[in-house]
Amino acid sequence: MSVEQLMWVEKYRPKKLDELVNQEEVKERLRFLLRKKEEIPHLLFAGPPGSGKTTTALIVARETLGEYWQDYTLSLNASDERGIDMIRERVKTFARYSDRREGVPFRLVILDEADEMTSDAQTALRRIMEETSAYTRFILICNYSSGIIEPIQSRCAVFRFKRLDNQSLTSYLKMIAERENVVVSGDDVFTAIYEATQGDLRQAINMMQAASASGEIDLEKIKRITGATVKAKVSNIIQLALSGKFEEARLKMLELTRVYGLPERDFLRYASEAISSLKAEDSSQLYKIIAEYDYRLVLGAQPEIQITAMLAEISSLSKRKE
Ligand SMILES: Nc1ncnc2c1ncn2[C@@H]1O[C@H](COP(=O)(O)OP(=O)(O)OP(=O)(O)O)[C@@H](O)[C@H]1O
Ligand SMILES: [Mg+2]
């Protein structure tokens, strides 16, 4: 079995605009642009995770480049550590091929996570876009268009993808459940998945696939799986803090407690579990730190401030070693 068949997110990745849910405005504007393929401008797709940005970019590639679209499409990730020089090299080599097949109007570069680039790198990117514009079109993908410098934004048609709502997410999951012969105990399961994933359809599909491994899906199973996801997130936050990335750890912690509604004391409990499985060298120190903050919470200190301070303290451990 191929990966495409194994992973439901790939197996059920829409291949046509019509199959895309919840993005009516994007679909309508793209249909309009696709009527004159040769005139398509650079595109900028912005929106939350799992809302269909990459999927739509691949659909545009298929629609504009036809049967051999894969030969004429270059997918890159901007957050790749090799940076803008690697992007320049790859785009230039790719744009240099001169064979032009009938009906292939341009080459397409799909650049994911473009908002992760520094503004210097984006300025360089803008130059690359201009230098290669005779043969190439770019589709830039990001979470927030505000992370993209103005001169690039103004050269692109900007498309905003919406976070999926409960209804579209549920109907998509129901379609998959039906085709995969998965029994779901009730609609409350879909609502629980929606709440746990905040409308991220990729995460939702993965969650359903994981839950289906042991037969009928009920609320209990989903709860167990979201528990596991939350634990993994806490572990990731502790690792970030341990490597001195305090700000990143803090933001992820706020997402967990505010968006996922994870109680702070549970955060500490999972943090302690994470430390035992991370086998960190400072683990005794870390346990002491966690115990101290747990105690403060029991005494009624403001939880968010305390957890933030704890992450700061853990981060400073890494600094002391340097
Ligand atoms: N609007 C949508 N309609 C139908 N399926 C969708 C939609 N959005 C996401 N999916 C499903 O979720 C999977 C992931 O979508 P996709 O890779 O396009 O997300 P993304 O917006 O690029 O997210 P990320 O920012 O995390 O890369 C797809 O394979 C598809 O199965
Ligand atoms: Mg994507």
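Let me begin with a term: a residue counts as buried when its relative accessible area is under 20%, as exposed when that area is over 50%, and as partly exposed in between. I shall use these words throughout, and I should say at once that we are looking at a predicted model.

My subject today is the salt bridges. The structure holds 14 of them, and I shall take three pairs and one network in turn.

The first pair is lysine 27 with glutamate 24, whose side chains meet in a salt bridge at 3.4 Å, N to O. Both residues belong to helix α3, which covers residues 24-34, and they stand three residues apart, or about one turn of the helix. Is lysine 27 buried or exposed? Its relative accessible area is 4%, so lysine 27 is buried by the cut-off of 20%. Its partner, glutamate 24, has a relative accessibility of 48% and therefore counts as partly exposed. This bridge thus joins a buried lysine to a partly exposed glutamate.

The second pair lies within helix α12, residues 246-259. Here the side chains of glutamate 247 and arginine 250 form a salt bridge with an N to O distance of 2.9 Å. These two residues are three positions apart in helix α12, a separation of about one helical turn. Glutamate 247 is partly exposed, at 40% relative accessible area, and arginine 250 is partly exposed as well, at 25%.

The third pair connects two helices. Glutamate 273 and lysine 231 meet through their side chains in a salt bridge of 3.8 Å, N to O. Which parts of the chain does this pair tie together? Glutamate 273 sits in helix α13 (residues 264-278) and lysine 231 in helix α11 (residues 219-242), so the bridge ties together parts that are 42 residues apart in sequence. Glutamate 273, at 34% relative accessibility, is partly exposed; lysine 231, at 38%, is partly exposed too.

Beyond these pairs there is a network: Arg126, Glu130 and Arg155 are linked by salt bridges.

As for the general principle, side chains of opposite charge can pair when their charged atoms come close.

Finally, a word on the overall layout. The protein chain is divided into domain 1 (23-160), domain 2 (166-226) and domain 3 (230-321). How far apart do the C-alpha centres of domain 1 and domain 3 lie? The distance between those two centres is 38 Å.

How values were computed. Residues numbered from 1 in each chain as written. Chains lettered and ligands numbered in written order. Predicted model: local features only at pLDDT ≥ 70, side-chain atom pairs only at ≥ 80, totals over all residues. Heavy atoms only, no water. Salt bridge = Lys/Arg side-chain N within 4 Å of Asp/Glu carboxyl O. Helix = DSSP H or I, 4+ residues; strand = E, 2+ residues; numbered from the N terminus. Buried < 20%, exposed > 50% of the residue type's maximum accessible area, 1.4 Å probe, protein only. Domains from an automatic or database assignment.
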